[in-house]
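Colleague: I am new to helix packing. Could you take me through one part of this model slowly?

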Amino acid sequence: MKKNKQISWSSLLEWDDDTLHELRCIGYAYLKQGKYETAKIFFEGLLALGSTEVYDKQTLGAIHLQKGNGKKALEYLEEALEIDPSHEATCLNHLKALFMCGQNAR
């Protein structure tokens with residue numbers, strides 16, 4: 001059986017780290033303006049491009065938390081905690097999402 005090879009979209013598009021950083025900054029700017037849906041698109045795009053940055057997953061979790069979607073927030077926040085279990089913003093948002101979902105902190 002042939003395994004599916006993961007496509008590196010950022011390499012295919014010839015986007016370097018600076019370009020990805022600019023996308024992250026634009027997403028953050030929309031986030032600061034309270035335009036969560038637009039910001040979410042940027043951060044989802046970064047993940048689709050293969051980002052493994054804890055910030056991107058944590059931010060998507062925070063956006064879902066802000067929009068009242070605790071279950072989806074938990075998914076992203078737990079992925080972020082797998083990358084960096086001591087990331088303070090992620091830990092705080094994870095706790096908030098657990099409470100939102102009616103779960104106890106672990």
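Modeller: Happily; here is a close look at how one pair of helices packs. This is a predicted model, in which local features need pLDDT of at least 70 and side-chain atom pairs count only at pLDDT 80 or more, while totals for chains, interfaces and linings use all residues. Residues are numbered from 1 along each chain as its sequence is written, and side-chain values use heavy atoms, leaving out hydrogens and water.

Two packed helices are described by the angle between their axes and the distance between the axes. Our pair is H3, residues 36-48, and H4, residues 54-66. Helices here are DSSP runs (H or I, at least four residues), numbered from the N terminus. The axes of H3 and H4 come within 9 Å and cross at roughly 150°; axes are lines fitted to C-alpha atoms over the stretch in contact, and angles run from 0 to 180 degrees between N-to-C directions. H3 and H4 are therefore roughly antiparallel, a term for angles over 145 degrees. Their crossing is left-handed, meaning that the near helix is turned anticlockwise from the far one by less than a right angle.

Who touches whom? On the H3 side, the contact (heavy atoms within 4.5 Å) includes Tyr-36, Phe-43 and Leu-47. From H4, Tyr-55, Leu-60 and Ile-63 are among the residues taking part. By class, this contact has 8 nonpolar, 3 polar and 4 charged residues. Here Ala, Val, Leu, Ile, Met, Phe, Trp, Tyr, Cys and Pro count as nonpolar, Asp, Glu, Lys and Arg as charged, and the others, Gly among them, as polar. Among the charged ones you will find Lys-40 and Glu-44 of H3.

Definitions and conventions
Helices (H or I, at least four residues) and strands (E, at least two) are DSSP runs, numbered from the N terminus. Angles under 35 degrees count as roughly parallel, over 145 as roughly antiparallel, 65 to 115 as roughly perpendicular and the rest as oblique.
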